[in-house]
Amino acid sequence: MKKGFDKIIKSFQYQLSISKIALVVLLVFLFFAYNDKLASFIEAYLFVQSDFSNIWLDRLIILTSLLLVFYVSFRFFKHKYLSSFTEILFVSLISFSSTYFYVNSENFNWKFLKDEVFNIAYILYLLIPLYLILVFHLIKLFYRHFINPFKKVSNNNTFKNDDPIFKVSDDELGYSSIVKRLCSILLNEKHRKSFSIGLVGPWGNGKSSVINLIKDNLKDKNFVSRVSEDKQNPILVHFLPYLNHKEDDIINEFFITLSKELAKYNGKLSNQLIDYSQRLTDLYNKKNLIGLVNNHISKVSDQPAKKLYDDINKRLKEIDRKIVVLVDDLDRLNDKEILQILKLIRNTADFHNTMFVVAMDKQYVLNRLSSDKSILNTNFVDKFFQLEIYLPEINQSILREYLGKVLLDSLKGIEPTFESKLNSAMGDDDNLFEDYVKNFRDAKRIANQVIFDYVNCGTEIDLKDFLNFTYFKLKFPKFVTLLNNNRLDYLDLDTQKNLYKLRFAEKKTDKSDATVDILRNLRTESNNYKQFEKYDIYSKILVNDNCFNDTLTVDCEDRELLIKTLAYLFGEENPDTNYNSIRKVNNFRMLMQQRVFDDVLTEKEFETLFSLDSVEGIVEGLKNLDNSNKLGQLINRFEYYAADDEDDLNKGLIILLQIFNNKTTFNSYEVTVLSLIGRLMQNKLNLNKESIDSVAKWVKDNVLESSSITVLNRINLIAELWKYKIENQSWGLTDDYIQSQAKVLYDKYLEQLKIPWDVSDYTLYGVYHDLKSIEGIKNYLIEKFIEFWSNNSIELLCAQALSFDSFSTSAYNISGFENEIFGSKEAFYQFVKLHPDNNLPSVVEFLEFLELCSITKFKKFIKFNFSKSKLVKQRIENHKLQSGRMVDDDYTNIKQVFFETDDRDIYMKIRKNFALLKEYNAEFYNVFNYDDESDTEEEFHYIMVKFNIEDFDKKIVQFTKDMVLTIADDYKKFLKDKVLKKENFVQLEDKSTYLKIKSIN
């Protein structure tokens, strides 16, 4: 409460200064002193006839008054306007004088006229808006001085101002002990001349805060009475030279400030200081400033100035009060302004019992003065200060804690996981915090920049990388622009991984450049930056005396930091273990453009997917990502996913399982998704080393026995599980369970099948191949497979059993799969023969084909013309499309003929005349001589002749005549008739020997 009233009193003291009060009193006095003359003036110039009347004037006055009321009200309510002192004084004078004469009108025998509209005195139309101005002003003052002082000031600003602290209670750096000791020196030291103390510390290290704490203590009577011997508060002068607009005004401004403070104690002294200031300004304008720095004021040739200086010192002794001058922000001035301040301390203000405390970054001051050759020796500054107090370096842990707290308070609402991400980033050894953040000012600048940028795209970038890039951007802004515009001059692009890599230096083959190597070693032997020599940019920066590039304004001492930062952003020091790494091309582009691209999977979308509770919701979310072309990014995101929380891990597995379960819809990479599922399951096993049974139960409930995954996909998963069971520890499942569950799934799959399906769909065979690798169930699978086809239409099996010659779409055989299932292709032939569908035209035709294949023991591709089975014809057409052999076919002009005879002599004569076949460009195949395993007593001899000739009908007759010499004389006519009529049997004369011709031709 006391603090609130103190604020009110100070406010009124500011509003009503002595000069303002005196002016008001004077005006009131003059009003009453010249009251009669003012009344005479009014009677002479403002009186009108008593019968004066003008309706239009009345309306104009009323309208004007209303407009004034509206205007005053609008400015107050809309803009919270507060009138100036001059405006209020003017309004008050008119209001007071008008009210006075209106109230005392009878004393003056005056009659105030009224309008004819509302019958109101004209003067009231003037007084109403004037009084409204005064009322609004009083309300505003009341609110400002009686309500606001008690309001709690909100400290919930998003961004942090670089304001120094003002109270000891706000000291976070532990400077209180330094402040107390310094205050004790200022209060108790007494010197005939001035005593100067340098408060030394780097930029942003809290020097201004220390100055404010000194002020706070020196104004505190209780503190002064405890510390000071004479118990008197010193005269405080807080001088801020950087507020001056001109370099030459610094001296003059200082003495004006000092004069105002001393005016409370000695009016003449105040005037003397102003006079002294003017004389010095005139004097120094004629002389070299540097020369004056080394000369005491007593040597100034202007004796009146010397006399004035002595007189000022004399009166200061009479006042007998310590003068403490606090000079802040010397490191914001240029070299000329710095010299002005030093001149004040050493010469012109070298007064009795005066203490100077000058806050400065000494290195900055020396650099500024040396850069323009204002000084020739760095010891120059030392002569101005009798004592230097160095502020200690701020503990890095304090700065880390501060930055972390500010970022957490401002950004924790951006994303649920921000706190954990922040803790991880701030604790990361590769965070370059200590290289860039040296004080609270650094911390605040970085905090503000991170808070502003993070909303744009920070959620999509690894936070450690984001912080490192923010440091980099604030320190090297021009290099960031260069990197953005010409990044491939410094970075290589790994197109396979879509990553940027800091370009490596080319290996030297020429060892003659020893000078450069020596120079490099000299520059790096005292630090650990030589490890970055492997990068191309190392030689461009460190071995370049121009500090890489003058246009970049990179200070020489910052070159190593620039190299290190680039290495920790884009080099091997920043390994590619994070999906959000700045090295990712898209992430870097987003960071440079400060926005999230529409086609990029965001962390929010990723986290939203994890927040979905139902499988249906997850599938819908995956469909939305697939429609946005982001599903591939999601899969890539999982390659970097590492969860140590059981619930998150389970949700990640469910998401991947649903991607796998809908792989046909999403066109996802099955192998990649299976690999990710395996990796996450391994993480789950690692988290549950002591409770493997719980993992097995989860797998049963959510994978192998879950209706949310199709039977076919569960078969794929259980087969994959068995295939790598050593590596994946069978996900905690026993072999017996896997074997029995595989049988159950196979049975369910067969139950769901509906015949016919697409002839190009070989899923059934894929299921068999997947499951047969599971030990102990292959025979069961074969048995169930044969049972399935025994009870269903066999036409589809026949169509899918076809095997094609590599260079033909008209020559066929039976695939090896039937050999595996039925034991042999001959057994498959017998299975088809005995199937209930064997009388169907399509099956009868296929049996004819199988008979020809059987003749060759299924070793040759048989040219056959299928016409009965739609499925077989569709299969052939599909193969033509897939192989691209719609026209080109090596079997186009090939004619296949099978000769069967029971006469060994005929057979042997054909073999003897094998050479004659070359004349007809024919191929001769001795399929077999005797059928030793035949159930019959007859011996059959088969010859398959493949003719590559066009006039087949003519040649086959001649061929047969030449080959079979023992046939009857009328053979030619008889055989020709039979062949041309497409009959395939020739009974020879003795009725015991025959020749069969089998061919689709």
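This report describes two helices, a three-stranded sheet and a helix lying across that sheet in a predicted model.

## Helix 4 and its ends

Helix 4 takes in residues 55–79, and its 25 residues reach 36 Å from the first C-alpha to the last, close to the 36 Å expected at 1.5 Å a residue. At the N-terminal end the helix is capped by asparagine 54, a side-chain oxygen of which lies 3.1 Å from the backbone nitrogen of tryptophan 56. Beyond the other end, helix 4 is followed by lysine 80, whose phi is positive, near 50°.

Within helix 4 the buried residues are Asp58, Ile62, Ser65, Val72, Ser73 and Phe76.

## Helix 10

Helix 10, made up of residues 249–262, has 14 residues, and the distance from its first C-alpha to its last is 20 Å, close to the 20 Å expected at 1.5 Å a residue. Buried positions in helix 10 are Ile250, Ile251, Phe254, Phe255, Thr257, Leu258, Ser259 and Leu262.

## The sheet of strands 8, 9 and 10

An open sheet of 3 strands is arranged in the order 8-9-10, and its pairing is antiparallel. Strand 8 (802–804) and strand 10 (862–863) stand at the edges with a single partner strand each, so one side of each is left without a neighbour in the sheet.

Strand 9, residues 811–814, pairs with strand 10 in the antiparallel sense over 2 bridges, and tyrosine 812 stands opposite isoleucine 862 in strand 10.

## A helix across the sheet

Helix 42, which comprises residues 870–883, lies across strand 8 and strand 9, and runs at about 25° to strand 8.

Conventions. Residues numbered from 1 in each chain as written. Predicted model: local features only at pLDDT ≥ 70, side-chain atom pairs only at ≥ 80, totals over all residues. Heavy atoms only, no water. Helix = DSSP H or I, 4+ residues; strand = E, 2+ residues; numbered from the N terminus. Expected span 1.5 Å × (residues − 1). Buried < 20%, exposed > 50% of the residue type's maximum accessible area, 1.4 Å probe, protein only. Polar contact = N/O pair within 3.5 Å; in protein donor to acceptor, adjacent residues only side chain to side chain. Pairing = 2+ DSSP bridges. Contact = heavy atoms within 4.5 Å. Axes fitted to C-alpha atoms, helices over the stretch in contact; angles between N-to-C directions.
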